[in-house]
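Thank you all for coming; I would like to take you slowly through a structure that will be new to most of you. Please have the sequence and the view in front of you while I talk.

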Amino acid sequence: MWEISNAMPIQGFIGGIMIGIASAILLIGVGRIAGISGLFGRASGLTRTDTPWKVAAGFIVSLLVGAWIVQVASNEGVVTRYPSEVLLVAGGLLVGFGTRLGSGCTSGHGVCGMSRLSRRSLIATPIFIGSGTLTVALMNFAGIGQ
Amino acid sequence: MNRELLAAILSGLLFGAGLAISGMADPVRVRGFLDIFGNWDSTLVFVMGGAVVVMAVAWVIQGKMSAPLLREEFSLPETATLDVPLVAGAIIFGIGWALAGLCPGPALIGLVLVPTSAFIFVLAMLSGMGIYQITMGRK
């Protein structure tokens with residue numbers, strides 16, 4: 001059956017709670033959705049939403065600082081096993097285009113939208129998990145990996 | 001510095017630290033979650049589960065508020081229409097997510113963890129957003 005020995009449920013859950021609290025601060029405090037693709041689009045100047053540029057840019061910059069603090073504070077560092085440049089470019093293009101067309105990514109649809117029981121997010125999230133699962137199955141079949 | 005910006009900074013710090021702790025900065029682990037028919041890695045279920053539980057409570061609180069704490073009004077998506085762009089966008093995003101093992105949040109924190117590789121992805125992601133904006137974007 002499924003091998004789950006390499007999963008990190010505790011770190012995952014703690015990290016998830018922190019992401020939830022972060023999203024709640026944005027919702028309750030500022031009245032906005034913590035959608036990374038949307039905030040990044042706004043911070044980079046590509047899109048013009050009603051979110052003030054300073055708020056979007058402040059969020060994105062401190063996102064990096066938060067991860068950097070964990071990296072510095074942890075003994076073994078944060079694990080990052082990246083694929084080849086070809087996969088990074090192809091994946092990046094599709095993620096950029098797809099998140100704009102579909103109005104959100106894992107944070108906006110997967111966390112904020114699903115927990116709100118938004119119809120659009122309840123549809124979008126299983127679809128991107130489904131197309132991702134199919135893609136990984138095809139990659140395994142074709143022997144494409146790192 | 002205004003209070004909205006302070007809240008955004010606090011939120012960003014927690015979000016970035018949470019992502020780094022959760023293991024989601026690792027493309028192999030994320031792709032492992034999508035490898036449902038292979039060597040499945042369940043970690044992402046716990047990450048999303050933890051975040052959704054907290055946010056479900058936050059939405060209940062939000063429902064009782066007439067305005068957010070630091071602004072006059074909420075700015076939330078109110079569209080409920082299920083349309084082709086939503087479905088097509090989700091399919092395309094999922095394919096890219098699987099190919100690289102990265103979605104926007106983990107890719108951005110990658111800029112401080114593995115700068116060169118993450119920069120390639122983020123530049124491609126920006127280009128993808130730009131292509132959307134040029135071909136079918138509404139400002």
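In which helix of chain B is Gly32(B) found? It is worth saying at the outset that this is a predicted model, and with that in mind, Gly32(B) is found in helix H2 of chain B, which covers residues 27-34. Gly32(B) counts as buried, because its relative accessible area is 9%, and, when its neighbours within four places in sequence are left aside, it is in contact with Asn39(B), Trp40(B) and Asp41(B). If you look further along the chain to Gly110(B), which is 78 residues away from Gly32(B), you will find that the C-alpha atoms of the two are separated by 18 Å.

Let me stay with chain B and turn to a pair of helices. Helix H1 of chain B, residues 3-22, packs against helix H5 of chain B, residues 104-113, at an angle of about 95°, and their axes are 10 Å apart. That angle is why H1(B) is described as roughly perpendicular to H5(B). On the H1(B) side the residues that meet the other helix are Gly16(B), Leu19(B) and Ala20(B), while H5(B) brings Gly105(B), Pro106(B) and Ile109(B). Sorted by class, this contact has four nonpolar residues and two polar ones, with no charged residues.

Next comes a residue of chain A, Thr106(A), which lies in helix H5 of that chain. Thr106(A) is buried too, since its relative accessible area of 10% falls under 20%. Not counting residues up to four places away in sequence, Thr106(A) touches Val111(A) and Phe128(A) in chain A, and Met48(B), Phe93(B), Trp97(B) and Cys103(B) in chain B.

Finally, the pockets. The largest pocket holds about 1200 Å³ of space, and of the 40 residues that line it, Thr49(A), Arg100(A), Ser103(A), Gly104(A) and Pro77(B) are the closest to its centre. Among the elements that give two or more residues to this lining are helix H5 (106-115) of chain A and helix H4 (84-100) of chain B. By class, the lining of the largest pocket divides into eleven nonpolar, 17 polar and twelve charged residues.

The second largest pocket has a volume of about 250 Å³, and it is lined by 14 residues, with Met8(A), Gly77(A), Val78(A), Ala20(B) and Ile21(B) nearest its centre. The lining of this second largest pocket consists of seven nonpolar, four polar and three charged residues. Ala20(B), as you may recall, also appeared in H1(B) where that helix meets H5(B).

Note on methods
Residues numbered from 1 in each chain as written. Chains lettered and ligands numbered in written order. Predicted model: local features only at pLDDT ≥ 70, side-chain atom pairs only at ≥ 80, totals over all residues. Heavy atoms only, no water. 1 Å grid on protein atoms, 1.4 Å probe; cavity = no way out; pocket = protein on both sides within 12 Å on 5 of 7 lines; lining within 4 Å. Points joined across faces, edges and corners; volume = space filled by probe spheres on them. Helix = DSSP H or I, 4+ residues; strand = E, 2+ residues; numbered from the N terminus. Nonpolar A, V, L, I, M, F, W, Y, C, P; charged D, E, K, R; others polar. Axes fitted to C-alpha atoms, helices over the stretch in contact; angles between N-to-C directions. Parallel < 35°, antiparallel > 145°, perpendicular 65-115°, else oblique. Contact = heavy atoms within 4.5 Å. Buried < 20%, exposed > 50% of the residue type's maximum accessible area, 1.4 Å probe, protein only.
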